[in-house]
Amino acid sequence: MTIPSDKFQPTKADRFTFGLWTVGNQGRDPFGDAVRAPLSPLVTVEQLSKLGAYGVTLHDNDLIPLGASASERENILRDFKKSLADHDMHVPMVTVNLFYHPVFKDGAFTSSMAPIRRHAVDKAKAAIDLGQELGAHTFVLWGGREGSEVDAARDPRDAMKHYRDGVNQLTEHILANGYHMRIAMEAKPNEPRSDIYLATTGAMLAFIATLDHPEMVGVNPEIAHEKMAGLNPYHSIGQALEAGKLFHIDLNDQKPGRYDQDLRFASDDLKGAFYVVKMLEDGGYQGPRHFDAHAYRTEDAQGVWDFARGSMRTYLILKDKVRKFASDAEIQGILSELAQWSASEEPFDRERWGAVGYQYEKLDQLVVELLLGAR
Ligand code: GCO
Ligand code: MN
Ligand code: MN
C-alpha cells in the first residue's frame, strides 16, 4: 500500500505552534554572527499558516521592540492582529524577555537590586497584558538569568523568596484584571547562567505549591532542558501531567552533555520523542503542541521552513506510531500480562516473584521495530 503523500500534512486541528524566536533565529552563537536575515512576524505568521500551523507564540520584545512608544505599539499590534486574522492564526501563549538587556545580567525576579526586581515584575505584567490583547491563555515564565556564578553573592533562600514574591504579584495582576490566564513556569538547569534556580520541572512543582495561588501556576517542561539536567523528559512530563500541572510544552531535542542546542524535535532521540508524544496523546494534554527549537546554523531561509515542516511532520508520524502501539497485538499482549501481575492478589512468594522474567527485552525490541517501520 502506498501512503498518501498528505497523510502527515499538519492541519490547524493539530494545534501546532512555534515561537516567533524559533523560526526567527538568525543562527548567532558565541563563536559566530548571524547567518540569516531577520524574519518579520508578519511573514512568519503567513508562512507558518501555509505549512499548517495553528499559531505562534512570542516574547513581548519579539513583537514590540524594547522602548517602543505607545503609538508604535498600537501600530505594530494592529498589523499583527490583521495578519493573524487573515491567516487564521492564533497566539495561545506569550512570554516575557527578562534576559536580553544588560540590566538583567544578574537576574530579574531574583536580582539583588530591588529596582531591577520591580522593573522585571512590571515588564512581566505588561507582557501578560499583551497576551490578553492577543487572546492568549498561557503566560510562560522562563527565568533565563535567575541564577548565579558566584554563590558568595546570594543565598538561594533569598532568591526563592524574591522569586515567589514576583510570581505572586503576577497572579494578583491576573486576578485584579479578571484575565483568563494561567502561568506556566519553565525550568532549565544552566545556560546562560552557570546555575539557574529551580533547575528542573520537579523543582518547579515543589516551588509552585508554596505560592499564593498555586492553582493558577503550572509548568512548561522543555525536552532539551530536562536532558541537559540528565533527566528523562517522559518522566518529568508525566509527573506534571499527573499533578494536573502540564499547562504548556516546549518540544525540541538535545544531545546529552552538550551546550543548549535547541535541536529540531525528535532529530536526536526518536524513541524518547515517541514516548513524549505518547504521553501527550494518551494523557489527555489539551494545550498546543509548541516547538521551541531552531534550524541548524547551516540553513538559509528555505531551510528554516524545512525545519518547521519537519517538526510538525515528525510529531504526526510519531502520533501514528502511538496508534500502532495501541493496536499491536504482540505489544498489547505483553502489556496485558504485566497488567495482570500488577493487579495480582496472589500471596507473596520470594522464590516465585524473584525468579520471574519481565519480558522487557522483547517489549522494547517490539517498540524499536515498530518505530523503524518493521511492524
Ligand atoms: C531557552 C528557553 C527559551 C524559552 C523562551 C520562553 O533555552 O532559551 O527554552 O527558548 O522557552 O524564552 O520564555
Ligand atoms: Mn523553552
Ligand atoms: Mn531551551
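Modeller: Let's start with a working definition: a donor is an N, O or S atom within 2.8 Å of the metal, and water is not among the atoms, so sites may look incomplete. Please also keep in mind that this is a predicted model.

Biologist: Thanks, that helps. Which residue bridges the manganese ion (ligand 3) and the manganese ion (ligand 2), and how many Å apart do they lie?

Modeller: Glu222 bridges them, and the two ions lie 3.8 Å apart.

Biologist: Let me take the ions in turn. What coordinates the manganese ion (ligand 3)?

Modeller: Glu222, through OE, and His225, through NE2, coordinate the manganese ion (ligand 3) at 2.2 to 2.3 Å.

Biologist: And which protein donors does the manganese ion (ligand 2) have?

Modeller: Glu186 and Glu222 each donate through OE, while Asp250 and Asp292 donate through OD. These donors lie 2.0 to 2.2 Å from the manganese ion (ligand 2).

Biologist: How do I read the geometry: why is the arrangement around the manganese ion (ligand 2) called octahedral?

Modeller: You look at the angles between donors. Six donors count as octahedral if opposite donors are over 155 degrees apart and all others lie between 65 and 115. Around the manganese ion (ligand 2), the 6 donor atoms subtend angles of 80 to 174°, so the arrangement is octahedral.

Biologist: What spacing do the donors of the manganese ion (ligand 2) follow along the chain?

Modeller: The spacing reads E-x35-E-x27-D-x41-D. The pair Glu222 and Asp292 links distant parts of the chain, 70 residues apart. Glu222 sits in the loop between strand 8 and helix 8 (223-228), and Asp292 in the loop between strand 9 (289-291) and helix 11.

Biologist: Is Glu222 buried or exposed?

Modeller: The cut-off for buried is under 20% relative accessible area. Glu222 has 1% relative accessibility, so Glu222 counts as buried. Asp292, at 9%, counts as buried too. On the side of the manganese ion (ligand 3), His225 is also buried.

Biologist: What would a partly exposed residue look like?

Modeller: Try Asp122, which is found in helix 5 (residues 114-134). Its relative accessibility is 47%, so Asp122 counts as partly exposed.

Biologist: Now to the strands. Why is strand 6 described as largely enclosed by the rest of the structure?

Modeller: You count its buried residues. In strand 6 (residues 182-186), 4 of the 5 residues are buried, so the strand is largely enclosed.

Biologist: Which strands pair with strand 6?

Modeller: Strand 4 (residues 138-142) pairs with strand 6 in the parallel sense over 5 bridges. Thr138 has Arg182 as its bridge partner there. Strand 8 (residues 217-219) also runs parallel to strand 6, joined by 3 bridges. In that pairing, Met185 stands opposite Val219.

Biologist: What does Met185 touch?

Modeller: Leaving out residues up to four places away in sequence, its contacts include Leu141, Tyr163, Leu198, Phe207 and Val219. Met185 also appears in the largest nonpolar core, which has 92 residues: Phe109, Phe139, Leu141 and Met185 touch the most other members. Helix 11 (residues 301-327) gives the most to this core, with 10 residues. Domain 1 (12-320) and domain 2 (328-371) both give residues to this core, so it lies between them.

Biologist: How far apart are the C-alpha centres of domain 1 and domain 2?

Modeller: Those centres lie 38 Å apart. The contact takes 4 residues from domain 1 and 4 residues from domain 2.

Biologist: May I try strand 2? Which of its residues lie on each face?

Modeller: Gly55, Thr57 and His59 are on one side, Val56 and Leu58 on the other, and all are buried. Strand 2 (residues 55-59) pairs with strand 1 (residues 16-19) in the parallel sense over 3 bridges, where Gly19 stands opposite Thr57. Strand 3 (residues 93-95) runs parallel to strand 2 as well, through 2 bridges, and His59 stands opposite Thr95 there.

Biologist: One last stop: where is Pro10 found?

Modeller: Pro10 is found in the segment before strand 1. At 4% relative accessibility, Pro10 counts as buried. Among the residues Pro10 touches are Phe16, Leu51 and Met312.

Conventions
Residues are numbered from 1 along each chain as its sequence is written. Chains are lettered from A and ligands numbered from 1 in the order in which they are written. This is a predicted model: local features need pLDDT of at least 70, side-chain atom pairs count only at pLDDT 80 or more; totals for chains, interfaces and linings use all residues. Side-chain values use heavy atoms; hydrogens and water are left out. Donors are N, O and S atoms within 2.8 Å of the metal (3.2 Å for Na, K and Ca); water is not among the atoms, so sites may look incomplete. Buried means under 20% relative accessible area, exposed over 50%, partly exposed in between (1.4 Å probe, protein chains only). Two strands pair if DSSP finds at least two bridges between them. A nonpolar core is a set of buried Ala, Val, Leu, Ile, Met, Phe, Trp, Tyr and Cys residues joined through side-chain atoms within 4.5 Å. Domain bounds come from an automatic or database domain assignment. Contact means heavy atoms within 4.5 Å. Four donors count as tetrahedral if all angles lie between 85 and 135 degrees; four count as square planar and six as octahedral if opposite donors are over 155 degrees apart and all others between 65 and 115; anything else is irregular.
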